[in-house]
Amino acid sequence: MNRLRALLAFLYDFAVGDDPLMAVLVVAALALTGVLAGAGIAAWWVLPVVVLAGLAWSVDRATRAR
């Protein structure tokens, strides 16, 4: 049980890290990409746009906190 708990703690720390909002943003972007691709729409652009917007948002939040 300790190994399972350690594995789950590692996976949480790896996926979520310091900012759970960014993890939610990535999951939402992947879901949107899947929906668009499933509808036959070219969705290659979704992830780069979301990553750049998320990076700008994260940097803005970090600098406002100081």
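Which side chains does a polar contact of 2.3 Å join? The contact joins the side chains of Asp19 and Arg61. The legends below start from this pair; the model they describe is predicted.

**View 1. Asp19 and Arg61 meet in a salt bridge.** The N to O distance in this bridge is 2.3 Å. Asp19 lies in the loop between H1 and H2, while Arg61 is in helix H3 (residues 46-64), so the pair ties together parts that are 42 residues apart in sequence. Helix H2, which follows the loop, covers 20-38. Asp19 counts as buried because its relative accessibility is 19%, and the cut-off for buried is under 20%. Arg61, at 30% relative accessibility, counts as partly exposed. In total, the structure has 2 salt bridges; the other one shown in these legends appears in View 3, between Arg64 and Asp60.

**View 2. Arg61 lies over the face of Trp57.** The distance from Arg61 to the ring centre of Trp57 is 4.5 Å. Arg61 thus appears in two views: over the ring of Trp57 here, and in the salt bridge with Asp19 above. The polar contact between the side chains of Asp19 and Arg61 can be shown in this view as well, at 2.3 Å.

**View 3. Arg64 and Asp60 form a salt bridge within helix H3.** Their side chains meet at 3.3 Å, N to O. The two residues are 4 apart in helix H3, which means that about one helical turn separates them. Arg64 is exposed, with a relative accessible area of 67%. Asp60 has 32% relative accessibility and counts as partly exposed.

**View 4. Phe10 and Phe14 form an aromatic pair in helix H1.** The structure holds 1 aromatic pair. In this pair, Phe10 and Phe14 are stacked, with 5.9 Å centre to centre and 25° between the planes. The pair counts as stacked because planes under 30 degrees apart are classed that way. Both residues lie in helix H1, 4 residues apart, about one turn of the helix. Phe14 counts as exposed, at 66% relative accessibility.

**View 5. Nonpolar side chains make a surface patch.** The patch has an area of about 800 Å² and is made by Met1, Leu4, Leu7, Leu8, Phe10, Leu11 and Phe14. Phe10 and Phe14 of the patch are also the stacked pair of View 4. Leu7 belongs to helix H1, residues 2-15. What is the relative accessible area of Leu7? The value for Leu7 is 44%, so this residue is partly exposed.

**View 6. The side chain of Thr33 approaches the backbone oxygen of Ala29.** A polar atom of the Thr33 side chain lies 2.8 Å from that oxygen. Thr33 is located in helix H2. Is Thr33 buried or exposed? Thr33 counts as buried, because its relative accessibility is 16%.

**View 7. Ala6 and Pro20 are separated by 19 Å, C-alpha to C-alpha.** Along the chain, Ala6 and Pro20 are 14 residues apart. Ala6 lies in helix H1. With a relative accessible area of 47%, Ala6 is partly exposed.

**View 8. Ala53 and Gly38 are 24 Å apart in space.** This distance runs from C-alpha to C-alpha, for residues that are 15 apart in sequence. Ala53 has its place in helix H3. At 48% relative accessibility, Ala53 counts as partly exposed.

Note on methods
Residues numbered from 1 in each chain as written. Predicted model: local features only at pLDDT ≥ 70, side-chain atom pairs only at ≥ 80, totals over all residues. Heavy atoms only, no water. Patch = residues over 30% accessible without salt bridge, like charges linked within 9 Å, V, L, I, M, F, W, Y side chains within 5 Å. Areas by Shrake-Rupley, 256 points an atom, 1.4 Å probe, with all protein chains shown as cover. Salt bridge = Lys/Arg side-chain N within 4 Å of Asp/Glu carboxyl O. Buried < 20%, exposed > 50% of the residue type's maximum accessible area, 1.4 Å probe, protein only. Phe/Tyr/Trp six-rings, centres within 6.5 Å; stacked < 30°, edge-to-face > 60°. Lys NZ or Arg CZ within 6 Å of the ring centre and 35° of its normal. Polar contact = N/O pair within 3.5 Å; in protein donor to acceptor, adjacent residues only side chain to side chain.
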